[in-house]
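I set out to look up the pockets of one protein model. My entries are kept short and follow the order of the search.

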Amino acid sequence: MVNLTDMAEGDYPEYRQFFILEYAQDLQESRGYEAEKARAIATQSIDIALPQGVHTRANKLWCIHSSDNAGVIIGYLWVVLKEHAAWVSDFCLLPAWRGRGFGKASLAAMDVALTALGIGEIGLRVAAHNPVAKALYENNGFQITGFNMHKNLEPNPHQTAINPMK
């Protein structure tokens, strides 16, 4: 039903823009960030994680194609490889292709591809406000192993900022 192909260098700029928009939206919904701050964080996240784009070591970037429309990209999958484990950094179908079984087929194709690479374990994070994605993952063998939590801190106007990185 789907094919995963290595993302070509020419496909990366479009994926990067798509990632930034999607992740910024997620940050706005899950953390309440203003649009500008969310976009800046999303941009910084991908640029730091993938400094060489598709050539960044230990990262696998795939384009997802429908078997019926081989040349059409219907989604993206970004996986970080660490020895015998993988972390799904991003998995997203383009809106027109959602709810049609392509998510399940994409996860099955990912399992086959990662097994061929010697990977025996896959982890990921799913946003709490995305029950559709949570159900997809659970229905495909993923189990909850913990919870990510977040808290916004209010700045104290009477305290001098300290840079913890110094």
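The entries below concern two pockets and the residues that line them.

Entry 1. I noted at the outset that this is a predicted model.

Entry 2. I looked up the largest pocket and found a volume of about 1200 Å³. I then asked which residues lie nearest its centre. Of the 38 residues in the lining, these are D90, F91, C92, N130 and A133.

Entry 3. I traced the lining of the largest pocket to the helices and strands. At least two residues each are supplied by α1 (12–31), α2 (35–49), β4 (85–93), α3 (102–116) and α4 (131–139). I recorded α1 as the source of the largest share, with nine residues.

Entry 4. I sorted the lining of the largest pocket by class and obtained 19 nonpolar, 10 polar and nine charged residues.

Entry 5. I turned to the second largest pocket, for which I found a volume of about 790 Å³. Its lining holds 30 residues, and L124, R125, V126, G146 and N148 lie nearest the centre.

Entry 6. Which element gives the largest share of the lining of the second largest pocket? I found that β5 does, with four residues. The elements that supply at least two residues each are α1, β3 (69–82), β4, β5 (121–124) and α4.

Entry 7. I closed with the classes in the lining of the second largest pocket, which are 14 nonpolar, 10 polar and six charged residues.

Methods
Residues numbered from 1 in each chain as written. Predicted model: local features only at pLDDT ≥ 70, side-chain atom pairs only at ≥ 80, totals over all residues. Heavy atoms only, no water. 1 Å grid on protein atoms, 1.4 Å probe; cavity = no way out; pocket = protein on both sides within 12 Å on 5 of 7 lines; lining within 4 Å. Points joined across faces, edges and corners; volume = space filled by probe spheres on them. Nonpolar A, V, L, I, M, F, W, Y, C, P; charged D, E, K, R; others polar.
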